[in-house]
Amino acid sequence: MWRIARDSKALDLNSSYSYLLWCRDYAGTSIVARDRTGEPVGFITGYTRPEAPRTLLIWQVAVDAAQRGKGLAAAMLDGLVLRTGREWGVDTVETTITPDNTASNRLFASFAERHGAGLEREVLFDSGAFPENGHEPEVLYRIGPVPAPGGP
């Protein structure tokens, strides 16, 4: 996962240790896609919000460069939301996306459309909230309600 995140050139890279902890502590709200040999080729990390346990916050989405353009990110997102809906009662998805991240903007807008769910956007953290210069604002995407598994 760390390698895929590093090679994406788009994600904020966390420490390799943090990805190991994430796999241990948030496996139920995350997903990893593997190729035929068992090597990870994509992942989504997420967690349920403590103040809103039916809301799944998606932290990172990454797909290996050789696997991009094949619908893997959408398939992982659909599968993860379906599973967390069934197991955790998740009915809302949140994520933050910078305005220049076209791929993520499309991924989450198409997810909402595909599932007939509402989509709201608002700036969660403006540029001034970040200590480094040049960080774009983080726009919160709130998608929901997402139909229950087996629902309409």
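Here a trainee and a mentor talk through the sheet and helices of a predicted model.

Trainee: What makes β1 and β5 the edge strands?

Mentor: Look at the order of the open sheet, β1-β2-β3-β4-β6-β5. β1 (31-34) and β5 (118-125) each pair on one side only, and these are the edge strands.

Trainee: How do you know that β5 and β6 pair?

Mentor: Two strands pair if DSSP finds at least two bridges between them. β5 and β6 (residues 138-144) have seven bridges, in the antiparallel sense, so they meet that cut-off. Among the residues involved, E120 stands opposite R142 in β6, and F125 has E138 of β6 as its bridge partner.

Trainee: And what makes β4 and β6 a pair?

Mentor: The rule is at least two bridges, and β4 and β6 have five, again antiparallel. Therefore they count as paired too. Find R142 once more: R142 in β6 is the bridge partner of E94.

Trainee: What holds paired strands to each other?

Mentor: Strands of a sheet pair through backbone hydrogen bonds, either parallel or antiparallel. This sheet of six strands has mixed pairing.

Trainee: Why is β6 called mostly covered?

Mentor: A residue is buried if its relative accessible area is under 20%. Five of the seven residues in β6 are buried, so "mostly covered" fits.

Trainee: How do you know that helix α4 lies across β6 as well?

Mentor: Contact means heavy atoms within 4.5 Å. Helix α4 (residues 102-114) lies across β3, β4, β5 and β6, running at about 165° to β4. Helix α3 (residues 72-88), in turn, lies across β1, β2, β3 and β4, at about 160° to β3.

Note on methods:
Residues numbered from 1 in each chain as written. Predicted model: local features only at pLDDT ≥ 70, side-chain atom pairs only at ≥ 80, totals over all residues. Heavy atoms only, no water. Helix = DSSP H or I, 4+ residues; strand = E, 2+ residues; numbered from the N terminus. Axes fitted to C-alpha atoms, helices over the stretch in contact; angles between N-to-C directions. Buried < 20%, exposed > 50% of the residue type's maximum accessible area, 1.4 Å probe, protein only.
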